[in-house]
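Here are a few friendly notes to read alongside the model. I have kept them short, one topic to a point.

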Amino acid sequence: MFPLIVFISALIHPSLAAGLAAPMAVMALLAYAPSLVFWTRRGSESDDGAVKLENPLELNAALRFGAFLAAVMLLGKLLAQSFGDQGVLWLAAISGVADLNAITLSVGRMSQQDLALTVAVLAITIAAATNGLVKTAVSAVVGGRAIGLHVGLPLVTGSLAGLAVAWMATPLW
């Protein structure tokens, strides 16, 4: 998730990717390191409960993503015009609940035009943190307390640390 955000940003606006490198690296390290430790300690147990995955190249999935991306881009422009930087940050928090790619693309494009790079970095980091918190909640509800803690503790810690790094680099306030 975090490396993909930097990769997408680098394709759109390399300076944005450079600004996102530190917060995303902190978030990735704190989220992925405990997972790696857990995975290596677990061993090579077989899991017969295979999860059925959807094909992301399916037309229906592509159309849904396209509609969501268009909505985020439109809302981004409207909120930026109406509420300035605060509107973009609120949109990032809300859209991070569902998807990170759309807000990354939208804010990346906006940062090429009139959105300050520091605001773009903070917005994408807020979206990633929100997404981590939602994944924590879903894992706790679906998997119970133990799974919620295994997933949530690293994600919440990473989210808070990534936000702190982005916040310190953002001379907004």
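1. How many helices and how many strands does the chain have? In this predicted model, the count comes to six helices and zero strands. Read from the N terminus on, the order of elements is therefore simply α-α-α-α-α-α.

2. Next, the packing. The chain has 173 residues, and 35% of them count as buried. Among contacts with a separation of 6 or more, 74% are between residues 24 or more positions apart.

3. Please take a good look at α6, which covers residues 117-168. With 52 residues, a straight helix at 1.5 Å a residue would reach 76 Å, yet the end C-alpha atoms of α6 are only 14 Å apart. Where is the kink in α6 centred? The kink is centred on G144 and comes to about 150°. You may like to view the end-to-end distance of 14 Å together with this kink at G144.

4. Now the largest pocket. Its volume is about 520 Å³, and 16 residues line it. Two elements, α2 (14-42) and α6 (117-168), are those that give two or more residues to this lining. The residues that lie nearest the pocket centre are S35, F38, H150, V151 and P154.

5. What is the make-up of that lining by class? The lining of the largest pocket has 11 nonpolar residues, along with three polar and two charged ones.

6. To tie these points together: α6 carries the kink centred on G144, and α6 also gives two or more residues to the lining of the largest pocket, as does α2.

Technical notes. Residues numbered from 1 in each chain as written. Predicted model: local features only at pLDDT ≥ 70, side-chain atom pairs only at ≥ 80, totals over all residues. Heavy atoms only, no water. 1 Å grid on protein atoms, 1.4 Å probe; cavity = no way out; pocket = protein on both sides within 12 Å on 5 of 7 lines; lining within 4 Å. Points joined across faces, edges and corners; volume = space filled by probe spheres on them. Helix = DSSP H or I, 4+ residues; strand = E, 2+ residues; numbered from the N terminus. Nonpolar A, V, L, I, M, F, W, Y, C, P; charged D, E, K, R; others polar. Expected span 1.5 Å × (residues − 1). Bend = angle between axes of the 7 residues up to and from the residue. Buried < 20%, exposed > 50% of the residue type's maximum accessible area, 1.4 Å probe, protein only. Contact = heavy atoms within 4.5 Å.
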